[in-house]
Amino acid sequence: MYAAKETTEEMFHEDARYLLIKIFKVEADWAYSTHLKSMANKKGHKLNPNRLRCHAIKRLKKAAQAAAALKPIGLDTVSSYELEAYSLQIRAALMIETFEY
């Protein structure tokens, strides 16, 4: 049976790959949201485009929350700024999608 392993700050200090795992998960959520959005815009499929758009927004919210939770622990200054910019980029994509500008 699968049991999710919680990551701690000590793990991030020991190995930066734990941070990469979280970044890849955010990227996967964003990509799936983009895929659902493109499917909602296509015609000729059996799925409801309104439900696809709602699901895409939910996935984008999940990505934005996970990106906001990323902390630049043990990173140099440039990398921490890049991580903050990435988080803000995902949040901006969510705000544009939900018309909150």
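Is Lys 37 buried, partly exposed or exposed? In this predicted model, Lys 37 has a relative accessible area of 39% and is therefore partly exposed. The residue takes part in one of the salt bridges described below, after an account of the overall fold.

The chain contains four helices and zero strands, and its elements follow the order α-α-α-α along the sequence. The radius of gyration is 16 Å, well over the 13 Å that the globule rule gives for 101 residues, so the chain is more spread out than a compact globule. The C-alpha trace extends over about 50 × 40 × 15 Å along the principal axes of the chain. Of the 101 residues, 24% are buried. The exposed surface of the chain amounts to about 7700 Å², and 58% of this area is supplied by carbon and sulfur atoms. When contacts between residues at least 6 apart in sequence are considered, 58% of them join residues at least 24 apart.

The structure holds five salt bridges. One of them is formed by Glu 97 and Lys 37, whose side chains meet at a distance of 3.1 Å from N to O. This pair links distant parts of the chain, with Glu 97 in helix α4 and Lys 37 in helix α2, 60 residues apart. The two partners may be described by their accessibility. Glu 97 has a relative accessibility of 12% and counts as buried because this value is under 20%. Lys 37, as stated at the outset, is partly exposed.

Glu 97 also forms a salt bridge with Arg 53, with an N to O distance of 3.7 Å. Arg 53 lies in helix α3, which covers residues 49–69, and Glu 97 lies in helix α4, so this pair ties together parts that are 44 residues apart in sequence. Arg 53 has a relative accessible area of 32% and is therefore partly exposed. Salt bridges that share partners also join Lys 25, Asp 29 and Arg 59 into one network.

Within that network, Asp 29 forms a salt bridge with Lys 25, and the closest N and O atoms of the pair are 3.4 Å apart. Both residues belong to helix α2, which comprises residues 17–41, and they are separated by four residues, about one turn of the helix. Asp 29 has a relative accessible area of 1% and is therefore buried. Lys 25, with a relative accessibility of 42%, counts as partly exposed. When residues up to four places away in sequence are not counted, Asp 29 touches Arg 59, Lys 62 and Ala 63.

A further buried polar residue is Ser 80, which has a relative accessible area of 16%. Ser 80 is located in helix α4. The side chain of Ser 80 reaches the backbone oxygen of Thr 77 at a distance of 2.7 Å. Apart from its neighbours within four places in sequence, Ser 80 is in contact with Pro 72 and Leu 75.

The surface of the model includes a nonpolar patch of about 450 Å², made by Ile 96, Phe 99 and Tyr 101. Phe 99 is placed in the segment after α4, a helix that runs over residues 77–97. With a relative accessible area of 59%, Phe 99 is exposed because the value is over 50%. Tyr 101 is likewise found in the segment after α4. The relative accessibility of Tyr 101 is 76%, and this residue therefore counts as exposed.Tyr 101 touches Met 95 and Ile 96, with residues up to four places away in sequence not counted. Ile 96 is thus both a contact of Tyr 101 and a member of the nonpolar patch. The C-alpha atoms of Tyr 101 and Tyr 18 are separated by 33 Å, and the two residues lie 83 residues apart along the chain.

Note on methods. Residues are numbered from 1 along each chain as its sequence is written. This is a predicted model: local features need pLDDT of at least 70, side-chain atom pairs count only at pLDDT 80 or more; totals for chains, interfaces and linings use all residues. Side-chain values use heavy atoms; hydrogens and water are left out. Patches are made of residues with over 30% relative accessible area and no salt bridge: like charges are joined within 9 Å, nonpolar side chains (Val, Leu, Ile, Met, Phe, Trp, Tyr) within 5 Å. Accessible areas come from the Shrake-Rupley method with a 1.4 Å probe; for residues, only the protein chains shown count as cover. A salt bridge is a side-chain nitrogen of Lys or Arg within 4 Å of a carboxyl oxygen of Asp or Glu. Helices (H or I, at least four residues) and strands (E, at least two) are DSSP runs, numbered from the N terminus. Buried means under 20% relative accessible area, exposed over 50%, partly exposed in between (1.4 Å probe, protein chains only). The radius of gyration is taken over C-alpha atoms; the globule rule is 2.2 Å times the number of residues to the power 0.38. Contact means heavy atoms within 4.5 Å. A polar contact is a pair of N or O atoms within 3.5 Å; within protein, one must be able to donate a hydrogen and the other to accept it, and residues adjacent in sequence count only if both atoms are side-chain atoms.
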